[in-house]
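Please look through the two chains shown below before reading the report, which treats their domains, contacts and local backbone features in turn.

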Amino acid sequence: MIPTSFDYARATSLDDAIAKLGAGGSAKLLAGGHSLIPLMKLRLSEPTTLIDIARIPGLSGITEKDGKIQIGAATTHHAVATSSLLADKCPALAETAATIGDPQVRNRGTIGGSLAHADPAADYPAILVALDAEIHIKGKGGWRAVKASDFFQGLFTVDLQPEEIIAGVQVKPQKGAAYAKLHQRASHFAIVGVGASLEVSGGTISAARVGLTGASTHAIRLAAVEAALAGKPLSDATIAAAAAVAGDGLDDLNSDIHASADYRRQMIKVFTKRALDVARARA
Amino acid sequence: MATSPVLPKLVGSRVKRREDPRLIQGKGTYVDDVKIVGMQHLAFKRSDVAHGRIVSIDTTAAEAMEGVEAVFTGKQIAEFVKPMPIGTPFPSPEHRVVAVDVVRFAGEPVAVVVAKDRYLARDAADAITVQYDTLPAVVDPEAALAGKPTVIHEKFANNVAIGPIPGGTGVAPDGSKVDDSAIDAAFKNAEIVISQRMMNQRLAPSAMEPRGVVAHYEAGKGTMTIWSSTQNPHILRTFIAMMNGMGENEVRAIAPEVGGGFGAKINIYAEEYVVAGLSKRLEMPLKWIEDRSEAFVATIHGRDILGYVDLAAKRDGTVLGLKLRLIADIGAYNMLLTAAIPTLTMLMANATYAFPAIRVTLTEVFTNKTPTDAYRGAGRPEATYFVERAMDMLAKELEMDPADLRRKNFIPKDQFPFQTHMGAVYDSGDYEKALDKALETANWAQMKKDRDKARAEGRLVGLGLSMYVEVCGIGPSASLPTGGWEHAQVTIERDGRITAMTGASPHGQGNETTFAQMLADQFSVPFEHITILHGDTGVVKQGIGTFGSRSQAVGGAALHMAGGKVKSKMAKFAAALLEAHEDDLVFENGRISVKGAPAKGKSFAEVASYAYIPVPLPPGLEPGLSDEAFFEPSNNTYPFGCHISMLEIDRQTGEPTLLRLVAVDDAGNLINPLIVEGQIHGGLAQGIGQAMIEEVVYNEDGQLLTGSFMDYAMPRAIDFPRFELEKTVTPTPVNPLGAKGCGEAGTLGSTPSIVSAAVDALSEFGVKHIDMMLRPEKLWRIIQGGQA
């Protein structure tokens, strides 16, 4: 639990942070530190410099602009969980943040840090995929936006270049969404977590998005579930039929002391159903 | 006449812990807060294989680092630090403080670095390279015994550390004679036999503060001071002196604030001997602080006892006999009390029942794992678990209410003191009263209706009930190799304030509060005027320490006795001042006055002052007001109780949720019910943790898979319902306070009651027993199997 030695630098702006990232050595960005510091203490990560971005002005906070909700990268899980704006316009996101870890983790950990780290069992990825969130990234060349469903690429691997920073996340207001999770009792990460979003018009599901975390190397869309929902009448039968195909065909399911691949496969169905049921009630 | 405020009687009242303000404000001084000029830091290079021969150790890179004072391999350390002693009379293999030639568990130290700071020490330890010739790891205790297994210690064939030791009906106390006729008859006459293999799994104690040691050998004086996060500084002093060829009068051991022990800090560890030995050799102060990753492998584990249980009974529920075959997986080495812990499981196999015959056999086995030793409950939760789960299985088989089955087999209350088959003499008890109180508190009849209603709705809800009796207030000396007494000294200072020194070494038990309550009442002085000192052999002359739920029962009794001696002397001084007879005096509200004539009195402080400036000195008296006492109880105490659980299992996921937990505990007379409830809460948390979410897991190579809190679940508030506590009070006759001890009680009954509730919840699937922990997937598979 003793990290190797490192230098510390506090960035004053995104551009300053980007410049510091490019200054050589193996630099890492530090926000809440709740993924990075434990890895450093175990010496699984040995950066030579930590660039503290937690106090960059404007990098944290939740605001609504032009009908979109913007969440700064340095916004803590606690702030997301307790946001009245989100409770009103996008309750599933607040609800997801409330299930992360414990109060200490939620008070320090940040949404940008969680996304950049991309733990395979992290909670945010599933709901952000379901909400069709955009991740806003800044690098030397300027700004770009990536869809959450394209951002997560593999085990701890995301669409982010070494000299890029996640600046924030943008979601559309969406009431008809929910997150359901099987807690791992030690870490309170997700053994399986499912985010679901339903848009309904005139009793018919006009659009559906479902994201899965915890089950394999990275968060993914459950396309078969979405296909089983879209265009169908909103009914118990539709939901049950869609949940029944959740996870089918996935062949790289995680297996560990907490849950076998078999069990995870079944739990994907159970928690897909639970997320859909709540999303439906809210839609 | 000066009027004094009326002082409330404090014993028995809910006084808030005086320890808490400093601890919750971060104002406590722990081992890591101790800093000495010139102090250097230790780091250990630990084995990353579970079993292997050390082929080579290369320390050159570490030694070359600037700021590294010294590096020692196990061989080098062995030249000046003796093998580890143990505290039990059992045979034990040689155990080097730092491995020489062979490593026997992942995490065993192989080299030590001394450096100018902790970070550098750790860097240097990382720079040491060790080559191993890996040997097969022995992980499964039954496989360890069978056939021709890999042998961990040469002189212990088939990895048998101890045993099989027989105990129970027809066994001579020294084991020389074993007569099986009674137990054989019980099973011959049985109308029903319950047989089950049950695993009481390995746990990691996980105190909030990991261990730590600072040792300061002062060469000029030839003395050693050692600060350690320990439960028993006096025992530490004895062993440190012995290991370093010093007199006990040349060693001072200090336990500063200790952030939890749970039994794991009774043991004297290799790191304590190494830090002390190196401090003496290098003549410099040294510090080592355990980190959390180290704590998981280098601090002892608890439990890990396998039980084969057979219960013989008649169909009316009368139990005729119990057979219990125990296999304890003690890990790689014998530590201070390792070998003795499973013998407590034997001792308590009689439980709360008047079984006609019992046969227990115990085998302790070496494996390539972290050694086990005492962990909260230490052997008694295992005994309770095996017997109570078997009783529950019997009740189910007979379709009897589990409470009725217990009632039918209890030791009747008029038979105490009760001589058990296992050698214990239960001091006092009224088990039926505790059961009735629990049934009443839980509203058992309504609880059963609630369960049945939930079931009718398709929910998987179950109830579990467990009795327990444990052995606490550990003493007399015949039952503890270190001595089974406790010591106290009470001094009335010149200003009337009171300083008391206790050999108990509280680290969360709240004895600074409970002992001050006792003295405040004994002398009728303000609570705030009393200071309790502990945890320093330079201040407290003698002591044993805090473990086995003994501080109040044994340490409190010693304090009561010492207080009585001082009070009697103080009365003599007061009698001289007041020209009265000492027997006519009363101590009341900070004054000592003549009974029936309150005007004729002196303040407590005035009498104290007189005792130190005694002009004139009353004939036959020495100046001063200070005395001490050693209290040796005539027997252990045997607290008991009944815990009831209600649990629901999610039919779709297998996730268990504890809905209710009712705990009725009888710890004899209580000094402070608030503190007792806190102790019960903590015990319940760990008992529930064992049942539901805690489990140390190794893979087949002996690698620990639960080496952090990401994988080893520490119970949190969200894992519990609101506890429903009640008590019965059956004082013990073995000490003057009538107190029995309560520190471990919560871990006793809760665990089996929860597992029984889980089995009850899943009864529609035909399951009879579920091994802990209640992993959701395990429960889900039972549900799937039942539906298939």
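What follows is a description of a predicted model, arranged from domains down to single residues.

**Domains of chain A**

The domain assignment of chain A gives three parts, namely domain 1 (7–52), domain 2 (66–171) and domain 3 (177–282). The centres of domain 1 of chain A and domain 2 of chain A, taken over C-alpha atoms, are separated by 19 Å, and the contact between these two domains involves 11 residues of domain 1 of chain A and 17 residues of domain 2 of chain A. On the side of domain 1 of chain A that touches domain 2 of chain A, helix H1 (residues 14–21) of chain A gives the most, with four residues. By class, that side of domain 1 of chain A divides into six nonpolar and five polar residues, with no charged ones.

**The sheet of chain A**

In chain A, four strands form an open sheet in the order E11-E12-E13-E14, and the pairing is antiparallel. Strand E11 (177–183) and strand E14 (220–221) of chain A are the edge strands, each of which pairs on one side only. Strand E12 (residues 190–201) of chain A is joined to strand E13 (residues 204–213) of chain A by nine bridges, and these two strands run antiparallel. Helix H12 (residues 261–282) of chain A packs on the sheet and touches E11, E12 and E13 of chain A, while its direction makes about 35° with that of E12(A). Within the E12–E13 pair, Glu199(A) stands opposite Ala207(A), a residue of E13(A).

**Domains of chain B**

Chain B is divided into domain 1 (20–24 + 485–631), domain 2 (34–135 + 208–260 + 265–298) and domain 3 (302–475 + 635–787). Taken over C-alpha atoms, the centres of domain 1 of chain B and domain 2 of chain B are separated by 40 Å. Contact is nevertheless made, with 15 residues of domain 1 of chain B meeting 15 residues of domain 2 of chain B. The side of domain 1 of chain B that touches domain 2 of chain B has three nonpolar, 11 polar and one charged residues.

**A helix pair in chain B**

Helix H18 (residues 673–692) of chain B and helix H19 (residues 746–761) of chain B pack at an angle of about 35°, and their axes are 7 Å apart. The crossing of H18(B) and H19(B) is right-handed. Residues of H18(B) in this contact include Gly682(B), Gly683(B) and Gly687(B), and among their counterparts in H19(B) are Gly746(B), Ser750(B) and Ile754(B). Sorted by class, the contact of H18(B) with H19(B) has eight nonpolar and 10 polar residues, and no charged ones.

**Contact between the chains**

Between the chains, 20 residues of chain B are in contact with 16 residues of chain A. Helix H4 (118–127), helix H9 (292–298) and helix H20 (776–787) of chain B each supply at least two residues of the side of chain B that touches chain A, and H4(B) gives the most to that side, with four residues. The residues on this side of chain B divide into nine nonpolar, three polar and eight charged.

**Backbone features**

Most residues other than glycine have a negative phi, and most peptide bonds are trans. The table collects departures from these tendencies.

| Site | Feature | Value |
|---|---|---|
| Ala118(A) | positive phi | near 55° |
| His188(A) | positive phi | near 60° |
| Gly163(B) to Pro164(B) | cis peptide bond, omega | near 0° |
| Val615(B) to Pro616(B) | cis peptide bond, omega | near 0° |

Ala118(A) is found in the loop between helix H7 (111–117) and helix H8 (124–130) of chain A, whereas His188(A) is found in the loop between E11 and E12 of chain A. Are these two residues buried or exposed, given the number of C-beta atoms within 10 Å? Ala118(A) has 23 C-beta neighbours inside 10 Å and therefore counts as buried, a class that requires 20 or more. His188(A) has 19 other C-beta atoms within 10 Å, so this residue is partly exposed.

As for the two cis prolines, Pro164(B) is found in strand E7 (residues 160–168) of chain B, while Pro616(B) lies in the loop between helix H17 (604–612) and strand E25 (626–631) of chain B.

How values were computed: Residues are numbered from 1 along each chain as its sequence is written. Chains are lettered from A and ligands numbered from 1 in the order in which they are written. This is a predicted model: local features need pLDDT of at least 70, side-chain atom pairs count only at pLDDT 80 or more; totals for chains, interfaces and linings use all residues. Two strands pair if DSSP finds at least two bridges between them. Two residues are in contact if their C-beta atoms, placed from the backbone, lie within 7 Å. Axes are lines fitted to C-alpha atoms, for helices over the stretch in contact, and angles run from 0 to 180 degrees between N-to-C directions. A residue is buried if 20 or more other C-beta atoms lie within 10 Å of its own, exposed if 12 or fewer, and partly exposed in between; C-beta atoms are placed from the backbone. A crossing is left-handed if the near helix is turned anticlockwise from the far one by less than a right angle, and right-handed if clockwise. Ala, Val, Leu, Ile, Met, Phe, Trp, Tyr, Cys and Pro count as nonpolar, Asp, Glu, Lys and Arg as charged, and the others, Gly among them, as polar. Domain bounds come from an automatic or database domain assignment.
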